[in-house]
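The following exercises ask the reader to examine a protein model and to reason from its geometry. Each task is followed by a worked solution.

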Amino acid sequence: MEIRMKKILVVFAFLSAFTFAQDNPWGVYAGYTSGSFTDADGRSSGLNLGISYDMNETISFGAGMTHRGGKYNYTDEELGDGSVSIELKGKGVEFWMSYNLMSNESFSLSAGPIYTHIYEVQAKALGLTMTDSESDNDYGFFVNGSVPINDKMAINLGYYQGLRELDDEFKFNNFWVELGYSF
């Protein structure tokens with residue numbers, strides 16, 4: 001119960017940050033993400049979907065649904081042909097903050113931290129799918145570039161590097177392409 005209360009307080013504090021400057025725009029974003037992890041043999045694809053809030057010209061906050069994952073080829077001599085491909089797909093809720101490093105009419109560059117609560121992981125191998133709903137978390141740093149399409153829309157390209165080592169073995173990383181819309 002104590003951990004749940006801490007999570008509620010953290011979410012409340014995060015959401016209350018949105019009330020400081022009412023004149024700045026809200027936005028939504030959706031796109032494709034390609035995830036991997038340390039020593040992975042391939043990438044796993046997923047979707048991003050979320051909301052953003054520009055606190056001022058320099059700082060933005062956001063939250064959304066995201067993907068973590070990757071592919072790994074497991075080799076064992078007892079398997080006969082020698083290897084099995086395992087694809088991991090994690091679903092998570094992410095919270096992020098960005099700092100605008102540079103901005104002009106044709107491009108902007110931002111960076112900042114991301115915290116992700118991973119609430120479900122699916123593993124696919126040999127035609128079987130196993131789902132684990134045990135939760136975990138991931139945090140790291142991202143860099144994002146935005147190219148405006150018009151006054152309200154932009155294409156976002158970014159890279160995320162996880163800083164937390166999961167299971168004392170690997171760190172996540174993601175590339176994404178998103179379409180953003182500001183209100």
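Strands, written E, are DSSP runs of at least two residues, numbered from the N terminus. The model is predicted.

**Exercise 1. Determine in which strand Ser110 is found, and whether Ser110 is buried or exposed.**

Step 1. Ser110 belongs to strand E5, which covers residues 108–125.

Step 2. A residue counts as buried under 20% relative accessible area. Ser110 has 13% relative accessibility, and is therefore buried.

Step 3. Neighbours within four places in sequence are set aside, and the remaining contacts of Ser110 are listed: Ser98, Tyr99, Asn100, Leu101, Phe142, Val143 and Asn144.

**Exercise 2. Describe how E4 pairs with E3 and with E5.**

Step 1. Between E3 and E4 there are 17 bridges, in the antiparallel sense. Within this pairing, Glu94 in E4 is the residue opposite Gly64.

Step 2. E4 and E5 also run antiparallel, joined by 14 bridges. Here Gly90 has Val121 in E5 as its bridge partner.

Step 3. The connection between E4 and E5 is a hairpin, with 4 residues between the two strands.

Step 4. Val93 serves as an example from strand E4. Its contacts, apart from residues up to four places away in sequence, are Gly64, Met65, Tyr115, Thr116, His117 and Tyr119. The C-alpha atoms of Val93 and Ala63 are 7.2 Å apart, although 30 residues separate the two along the chain. With a relative accessibility of 24%, Val93 is partly exposed.

**Exercise 3. How many salt bridges does the structure hold? Locate each pair in the chain.**

Step 1. The structure contains 3 salt bridges. As a general principle, side chains of opposite charge can pair when their charged atoms come close.

Step 2. Arg68 and Asp138 form a salt bridge with an N to O distance of 2.9 Å. Arg68 is in strand E3 (residues 59–75) and Asp138 is in strand E7 (residues 136–148), so this pair ties together parts 70 residues apart in sequence. Both Arg68 and Asp138 are buried.

Step 3. A second salt bridge joins the side chains of Lys91 and Glu120, at 3.4 Å from N to O. Because Lys91 lies in strand E4 (residues 83–103) and Glu120 in strand E5, the pair ties together parts 29 residues apart in sequence. Lys91 is partly exposed, at a relative accessible area of 40%, whereas Glu120 is buried, at 18%.

Step 4. In the remaining case, Asp136 and Arg164 meet at 2.6 Å, N to O. Asp136 is in strand E7 and Arg164 is in the loop between strands E8 (153–162) and E9, so parts 28 residues apart in sequence are tied together. Asp136 is partly exposed, at 30% relative accessibility, and Arg164 is partly exposed, at 23%.

**Exercise 4. Classify the ring pair of Phe37 and Phe172, and compare its setting with that of Tyr181 and Phe183.**

Step 1. The whole structure yields 9 aromatic pairs. The ring centres of Phe37 and Phe172 are 6.4 Å apart and the planes stand at 85°. Planes over 60 degrees apart count as edge-to-face, so the pair of Phe37 and Phe172 is edge-to-face.

Step 2. Phe37 is in strand E1 (residues 26–37) and Phe172 in strand E9 (residues 172–182), so that the pair links parts of the chain 135 residues apart. Phe37 and Phe172 are both buried.

Step 3. Tyr181 and Phe183 also form an edge-to-face pair, with centres 5.4 Å apart and planes at 80°. Tyr181 is partly exposed, at 36% relative accessible area, and Phe183 is exposed, at 55%.

**Exercise 5. Which residues make up the largest nonpolar core?**

Step 1. In soluble globular proteins, nonpolar side chains tend to be buried together.

Step 2. The largest nonpolar core here has 11 residues: Tyr29, Phe37, Trp96, Ile114, Ile118, Phe142, Tyr160, Leu166, Phe170, Phe172 and Trp176. Two or more of these residues come from each of E1, E5 and E9.

Step 3. Ring pairs join Tyr29, Trp96, Phe142 and Trp176 into a cluster.

Step 4. The contacts of Phe172 include Ile118, Tyr160 and Leu166, as well as Arg68 and Asp138. Arg68 also lies over the face of Tyr160, 4.3 Å from the ring centre.

Terms used. Residues numbered from 1 in each chain as written. Heavy atoms only, no water. Phe/Tyr/Trp six-rings, centres within 6.5 Å; stacked < 30°, edge-to-face > 60°. Buried < 20%, exposed > 50% of the residue type's maximum accessible area, 1.4 Å probe, protein only. Lys NZ or Arg CZ within 6 Å of the ring centre and 35° of its normal. Contact = heavy atoms within 4.5 Å. Core = buried A, V, L, I, M, F, W, Y, C linked by side-chain atoms within 4.5 Å. Salt bridge = Lys/Arg side-chain N within 4 Å of Asp/Glu carboxyl O. Pairing = 2+ DSSP bridges.
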